[in-house]
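Trainee: Hi, could you walk me through this one? I'm new to it and would like to go piece by piece.

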Amino acid sequence: FAKEYDDNGPMVSGLAPEEASVRLTIFQSTFDDLWRKYDTYSSGENLFGLTVKEYPILGKIKKELNLLQKLYTLYNTVIDTVNGYYDILWLDIDIEKINEELTDFQNR
C-alpha cells in the first residue's frame, strides 16, 4: 500500500487539484480498511501479551491523509461556492455576503 500511495497517491507531484482530490478519496477508503485491520491485529497482540508490531509508515500516511482531507474539503467547498456565484443574477448579488464567505475561507 505504501508504495502504491507514494507512486499514485494524492501527493504525486504535478497533479491537478481535482485529480488529487479524487485520488485522496480512493486512497482514504483503502487506508481506512487497512487501519481497521492494523487496529484489530494490534489489539489481539496486546490481548495475548505479545509485542505490538509498530508500522511507522502507517502513522505517517494517516497524518498526511488527515491533513489532505482538510485541505481538499476546503478546496472543494471554495470551488463549489465560487461556481455558485455564476448562477446569481446581477440584480440579486449581495456583495457583503460574498465578502463574508471569502473572508471565512481565508480564516480557515
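Trainee: Which helix do Glu64 and Lys60 both lie in, and how many residues apart are they?
Mentor: Both lie in helix H3, 4 residues apart, which is about one turn of the helix. Keep in mind as we go that this is a predicted model.

Trainee: What do Glu64 and Lys60 form with each other?
Mentor: A salt bridge, with 3.1 Å between the closest N and O atoms. In general, side chains of opposite charge can pair when their charged atoms come close.

Trainee: Is Glu64 buried or exposed there?
Mentor: Glu64 counts as buried, because its relative accessibility is 18% and the cut-off for buried is under 20%. Its partner Lys60 counts as partly exposed, at 42%.

Trainee: How many salt bridges turn up in the whole structure?
Mentor: A search of the whole structure gives 6. Among them is the one between Lys3 and Asp7, whose closest N and O atoms are 2.7 Å apart.

Trainee: Where do Lys3 and Asp7 lie?
Mentor: In helix H1, which covers residues 2-8. Those two are 4 residues apart, about one turn of the helix. Lys3 counts as exposed at 60% relative accessibility, while Asp7 counts as partly exposed at 41%.

Trainee: And what about Lys97, which residue does that one form a salt bridge with?
Mentor: With Glu101, where the closest N and O atoms are 3.8 Å apart. Lys97 and Glu101 both sit in helix H4, 4 residues apart, about one turn of the helix. Lys97 is partly exposed, with a relative accessible area of 47%. Glu101 is also in the partly exposed class, at 23%.

Trainee: Okay, new topic: helix packing. At what angle do the axes of H2 and H3 cross?
Mentor: At roughly 140 degrees, and the axes of H2 (residues 17-47) and H3 come within 10 Å. That angle makes H2 oblique to H3, because the roughly antiparallel label is for angles over 145. H2 passes H3 in a left-handed crossing.

Trainee: So how do H3 and H4 pack, at what angle and how far apart?
Mentor: Their angle is about 165 degrees, with the axes 11 Å apart. H3 is therefore roughly antiparallel to H4. The crossing of H3 past H4 is left-handed.

Trainee: Why give both an angle and a distance?
Mentor: Because two packed helices are described by the angle between their axes and the distance between the axes.

Trainee: Let's move to the surface. Which residues form a nonpolar patch there?
Mentor: Ile88, Trp90, Ile93 and Ile95 do, with about 450 Å² of accessible area together.

Trainee: Where does Ile93 lie, and what are the helices on either side?
Mentor: Ile93 lies in the loop between helix H3, residues 56-85, and helix H4, residues 95-107. It is partly exposed, with a relative accessible area of 32%. That value makes Ile93 eligible for a patch, because patch residues need over 30%.

Trainee: And Tyr86, where is that one found?
Mentor: Tyr86 is found in the loop between H3 and H4. Its relative accessible area is 66%, so Tyr86 is exposed.

Trainee: One last thing: how far is Tyr86 from Arg108?
Mentor: Their C-alpha atoms are separated by 23 Å, and the two residues are 22 residues apart along the chain.

Methods. Residues are numbered from 1 along each chain as its sequence is written. This is a predicted model: local features need pLDDT of at least 70, side-chain atom pairs count only at pLDDT 80 or more; totals for chains, interfaces and linings use all residues. Side-chain values use heavy atoms; hydrogens and water are left out. Patches are made of residues with over 30% relative accessible area and no salt bridge: like charges are joined within 9 Å, nonpolar side chains (Val, Leu, Ile, Met, Phe, Trp, Tyr) within 5 Å. Accessible areas come from the Shrake-Rupley method with a 1.4 Å probe; for residues, only the protein chains shown count as cover. A salt bridge is a side-chain nitrogen of Lys or Arg within 4 Å of a carboxyl oxygen of Asp or Glu. Buried means under 20% relative accessible area, exposed over 50%, partly exposed in between (1.4 Å probe, protein chains only). Axes are lines fitted to C-alpha atoms, for helices over the stretch in contact, and angles run from 0 to 180 degrees between N-to-C directions. Angles under 35 degrees count as roughly parallel, over 145 as roughly antiparallel, 65 to 115 as roughly perpendicular and the rest as oblique. A crossing is left-handed if the near helix is turned anticlockwise from the far one by less than a right angle, and right-handed if clockwise.
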